[in-house]
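Thanks for sharing this one. Here are my notes, numbered so that you can go through them with the viewer open.

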Amino acid sequence: MPATAPQDESVSISRYEMIRDALRDSIRQGRAVPGLVLVEAPLAQLFGTSRVPVRQALNLLHEEGLICRFEGRGYLVNPYQQAVEPLRTTLNRQLLGLEPAEELIDVRPLGERVHEELSASVGTCMLFGHYRLDEQLAAEHLNVSRSVVREALMRLRDRGLVEKEPYSQWLAGPLTAQSVNNDYELRCLLEPQALLQSAPTLLRPALQAMHQRIVHVQQGSVPAERAQIERIEHDLHVECLAGLRNQKMAMLIRQCQSQMNIGRILHAALRLSLDEAMLEEHRQVIEALLDGNVERAVDNLRHHLQCARERTLQRLKVLSVLPEPALPAYLIRLS
C-alpha cells in the first residue's frame, strides 16, 4: 500500500452527491432563481455525465424540499415552497452559478463513466427482480458504442453483478435470501484468510486514517452520508485485503460483495441508516490491526461478517415491500 494512503481521506464523493451539492449550494445561495426548471438531459450535459446520477441528485434535492414537481417535465427550484411560475430557459453553468467550479466537469475516460453508470443501474435492479440488459438500448441511452457498453459489462461480470453465457443475453439479479446466505458463507471463509495474508502489507498511517474515518462518523452530530459509509466499507473489505496474493481468491471475494448495494438502495429510498453496529465492528478490526494483533483482527472480521449477514437479510425484507424504482429502458424485467 502506498505511503501516501492517508491523503486518501479526501477521496471524491459519489458523482450524484457532487451534483446534488453543487445544485444545493446554488439554490440556497439564490443563484438558481425560484421557478427555474431543472431537466435531466441539460444538467447531464453540464456535468459531463449521463442522466443516472443527475436523476439521483434531483431525487435527493426533492426530498430536501429544495425543488418540487409540477405538471411539466423536470423540477422547479422552490426552496421556500411557494407558488412560483415555471421559468423555462436554456440551462448553463452561469445561470446556475457554477462557473468557478470547473472541476465539476467529468473528464474521466468514457469507459470509466459508462462502467459507473451501468454498475449503479444494475446494482439497483438486481435487488428488485430478474432483468435482461439490452446492449443496444444501453448504448443508445448512454450515447456510446456497443463495444464500450460490452467492455463495461464484462467488468461487471467479473464482479458478479451480471452473467452471460456465450451467445446469450446479459442478465442481472435477482438477489435473494439464498444468494445472500451463499455469498456470506464464502466471505466468512475467504475474507478472514485474506486479511491474515494482507495484514503484514498494511501501513500504520493508512490504518490510522481508516480508524479516523470511523471515529469521525461515530462522533458526528448528523447521520453519515452514504459516501462516507461506502468509503469505510471499502477500507476494510477492499484496502485491507489488497495484499492477497491469490488472485482467484480475490476475484471470488469481489464477486460475493454485491450485498453492499442493499444498504445504498435503502439509504436512497428511505434515508435509512442501520450502520451503527457496522461502524463499531469495523473499528474493532482496525484497532486490532493497529495493536498488531492480527489473530484478533481476523476473529473480529469473521464476527462482523456473521452479523452483517443477518443485517443484510433484514434489509432485504424491507426492500421487498418497496416499490420498484424507475429504471432505464435498457433494463427489461423478466420476473
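1. Let me begin with a small piece of the fold: β1 and strand β3 (residues 75–77) run antiparallel and are joined by 2 bridges. In that pairing, Leu 38 sits opposite Tyr 75 of β3. The open sheet they belong to has 3 strands in the order β1-β3-β2, paired antiparallel. β1 (37–38) and β2 (67–69) are the edge strands, each with a single partner, so one side of each has no neighbour in the sheet.

2. A word on confidence, as this is a predicted model. The protein chain has an average pLDDT of 84, and 88% of the residues reach at least 70. Helix α12 (residues 276–290) has the highest confidence, with a mean of 96, while helix α11 (residues 260–270) has the lowest, at 66. For residues 1–13 the pLDDT is below 50, although this stretch makes 22 contacts in the model beyond near neighbours in sequence.

3. On the overall make-up, the protein chain has 13 helices and 6 strands. Of its 335 residues, 48% count as buried. Among contacts between residues at least 6 apart in sequence, 77% link residues at least 24 apart.

4. Now the interior. The largest nonpolar core holds 64 residues, and those with the most contacts inside it are Leu 118, Leu 133, Leu 195, Leu 207, Cys 240, Ile 286 and Leu 289. Helix α13 (residues 294–319) is the top contributor to this core, with 8 residues. Another core lies apart from it, with 22 residues that include Ile 19, Leu 36, Leu 61 and Tyr 75. Nonpolar side chains tend to be buried together in soluble globular proteins.

5. Leu 207 is a good residue to click on. Beyond its neighbours within four places in sequence, Leu 207 touches Leu 202, Cys 240, Ile 286, Leu 289 and Leu 290. Leu 207 is also one of the buried residues of α8, alongside others including Ala 206, Met 210, His 211, Arg 213 and Ile 214. The cover over the buried residues of α8 includes α9 (226–237) and α12. Helix α8 (residues 204–218) has 15 residues and spans 21 Å from first to last C-alpha, close to the 21 Å expected at 1.5 Å a residue.

6. Is Glu 135 buried or exposed? Glu 135 has a relative accessible area of 8%, and so counts as buried, the cut-off being under 20%. The residue lies in helix α5 (residues 135–142). Leaving aside neighbours within four places in sequence, Glu 135 contacts Arg 146, Val 149, Arg 150, Leu 153 and Trp 170. With Trp 170, the side chain of Glu 135 makes a polar contact of 2.7 Å. Ser 147 is 12 residues from Glu 135 in sequence, with 8.9 Å between their C-alpha atoms.

7. Finally, some backbone geometry to look over. Most residues other than glycine have a negative phi, and most peptide bonds are trans. The bond from Gly 173 to Pro 174 is cis, with omega near -5°, and Pro 174 lies in the loop between β5 (170–172) and α7 (177–198). Gln 81 has a positive phi, near 55°, in the loop between β3 and α4 (110–125). Tyr 167 also has a positive phi, near 65°, and lies in the loop between α6 (146–158) and β5. Tyr 167 is exposed, with a relative accessible area of 86%.

Terms used: Residues are numbered from 1 along each chain as its sequence is written. This is a predicted model: local features need pLDDT of at least 70, side-chain atom pairs count only at pLDDT 80 or more; totals for chains, interfaces and linings use all residues. Side-chain values use heavy atoms; hydrogens and water are left out. A nonpolar core is a set of buried Ala, Val, Leu, Ile, Met, Phe, Trp, Tyr and Cys residues joined through side-chain atoms within 4.5 Å. Buried means under 20% relative accessible area, exposed over 50%, partly exposed in between (1.4 Å probe, protein chains only). Helices (H or I, at least four residues) and strands (E, at least two) are DSSP runs, numbered from the N terminus. Contact means heavy atoms within 4.5 Å. Two strands pair if DSSP finds at least two bridges between them. pLDDT is the predictor's confidence in each residue, from 0 to 100. The expected span of a helix is 1.5 Å times one less than its number of residues. A polar contact is a pair of N or O atoms within 3.5 Å; within protein, one must be able to donate a hydrogen and the other to accept it, and residues adjacent in sequence count only if both atoms are side-chain atoms.
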